[in-house]
Amino acid sequence: MGINPNMAEIAALLGETSRATILASMMDGRFHTASELAYMAAIKPQTASFHLAKLVEGKLIKVEKQGRHRYFQLAGEDIAHFLESFLAISPPPEVRSLKQSSQIKLLQDARTCYDHLAGKLGVQLTESMLKAGYLTLEGKQFVLTDEGILFFTTFGIDLTALKRKRRSFSHACLDWSERRYHLAGALGCELLNQFFNLGWLLRVPSIRAIQVTEKGKIGFKEVFHLDL
């Protein structure tokens with residue numbers, strides 16, 4: 001009889017291609033219907049429902065019911081963090097079409113990692129804030145400096161409210177495509193929301209990629225000194 005947690009159970013859930021695809025699709029942090037996830041995984045709705053039930057049972061995802069409809073989401077930020085780390089050690093997909101190649105490029109450039117910004121843009125942004133002295137990296141936690149407190153407050157982020165939340169404030173998340181850290185936690189989430197509110201970023205339909213708008217290119221250049 002083993003005395004350690006049953007890793008084999010989680011490995012079995014991830015070991016099925018359709019379930020792995022569904023989990024990766026849910027890394028955008030949003031709620032999805034079974035039909036949406038079936039489309040993303042290229043499987044029948046009945047098959048998707050079977051896999052979703054397994055993932056709910058395994059506590060990797062959660063479900064919310066509204067009337068006759070059910071919506072699925074990753075069970076929490078810790079699950080997203082685990083999946084991102086797992087993706088970092090996974091082999092790249094075999095490219096079989098121009099569309100797939102284009103989508104992979106979009107994901108690598110900028111994407112959501114649950115509720116914060118990832119990909120090349122997420123890493124560049126984090127490194128820009130480190131270089132500017134707004135953050136320091138201590139272990140696997142980003143720490144706000146006095147300059148950072150002033151910057152984020154001026155940028156419209158309520159740091160006091162964020163620190164009240166029952167979650168990590170600003171931890172380092174290993175980016176699976178860049179193999180470097182990007183900013184996660186409550187601060188990373190609020191920063192991404194602010195970019196959406198400012199019209200700097202837009203979501204790409206069907207996949208968790210993010211596109212920078214023309215307004216965003218100007219904003220990232222002026223505020224973070226990033227040429228995009």
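Colleague: Which residue of strand 6 stands opposite L135?

Modeller: L135 has L144 opposite it in strand 6, and I should say at once that this is a predicted model.

Colleague: What makes strand 5 and strand 6 a pair, and how do they run?

Modeller: Pairing requires at least two bridges between the strands, and 4 bridges join strand 5 to strand 6, so the requirement is met. The two strands run antiparallel, and they form a hairpin with 2 residues between them.

Colleague: Which residue in the turn of that hairpin has a positive phi?

Modeller: G139 has a positive phi of about 70°. G139 sits in the loop between strand 5 (135-138) and strand 6 (141-144), and the C-alpha atoms of G139 and H171, which are 32 residues apart along the chain, are separated by 9.2 Å.

Colleague: Why is G139 called exposed?

Modeller: The word is used for a relative accessible area over 50%, and G139 reaches 60%, so G139 belongs in the exposed class.

Colleague: Which residues make up the covered face of strand 6, and which the uncovered one?

Modeller: F142 and L144 form the covered face of strand 6, whereas Q141 and V143 form the uncovered one. As general background, side chains in a regular strand alternate between the two faces of the sheet.

Colleague: Moving to helix 7, why does T126 count as buried?

Modeller: T126, which lies in helix 7 (residues 119-132), has a relative accessibility of 2%; since buried means under 20%, T126 qualifies.

Colleague: Which residues does T126 touch, not counting those up to four places away in sequence?

Modeller: With those residues set aside, T126 touches F142, Y181, H182 and L183; F142 is one of the residues on the covered face of strand 6.

Colleague: How do you know that S128 is also to be classed as buried?

Modeller: S128 has its place in helix 7 and a relative accessibility of 15%, and that value is under the 20% cut-off, so S128 counts as buried. Leaving aside neighbours within four places in sequence, S128 is in contact with F224 and L226.

Colleague: Where in the structure is K131, and is K131 buried or exposed?

Modeller: K131 is also found in helix 7, but with a relative accessible area of 78%, a value over the 50% that exposed requires, K131 is exposed. The C-alpha atoms of K131 and K165 are separated by 27 Å, with these positions 34 residues apart along the chain taken as their separation.

Colleague: What is noted about the phi of A42?

Modeller: A42 has a positive phi of about 60° although it is not a glycine. A42 lies in the loop between helix 3 (34-41) and helix 4 (45-57), and A42 is exposed, since its relative accessible area of 69% is over 50%.

Colleague: And where does Y114 lie, and is Y114 buried or exposed?

Modeller: Y114 lies in the loop between strand 3 (111-113) and strand 4 (116-118), and Y114 has a positive phi of about 65° although it is not a glycine. Its relative accessible area is 12%, under the 20% limit, so Y114 is buried.

Colleague: What makes strand 1 and strand 2 a pair?

Modeller: Against the requirement of at least two bridges, strand 1 (residues 61-66) and strand 2 (residues 69-74) are joined by 6 bridges and run antiparallel, so they pair. One of the bridge partnerships is that of K65 with R70 in strand 2. Strand 1 and strand 2 form a hairpin with 2 residues between them, and G67 in the turn has a positive phi of about 65°.

Colleague: Finally, why is the protein called as compact as a globular protein of its length?

Modeller: The protein, whose secondary structure comes to 11 helices and 10 strands, has a radius of gyration of 18 Å, and this is close to the 17 Å that the globule rule gives for 228 residues, so the protein is as compact as a globular protein of that length. Its C-alpha trace spans about 50 × 45 × 40 Å along the principal axes, and 43% of the 228 residues count as buried. Among contacts with a separation of 6 or more, 55% are accounted for by residues 24 or more positions apart.

Methods. Residues are numbered from 1 along each chain as its sequence is written. This is a predicted model: local features need pLDDT of at least 70, side-chain atom pairs count only at pLDDT 80 or more; totals for chains, interfaces and linings use all residues. Side-chain values use heavy atoms; hydrogens and water are left out. The radius of gyration is taken over C-alpha atoms; the globule rule is 2.2 Å times the number of residues to the power 0.38. Buried means under 20% relative accessible area, exposed over 50%, partly exposed in between (1.4 Å probe, protein chains only). Contact means heavy atoms within 4.5 Å.
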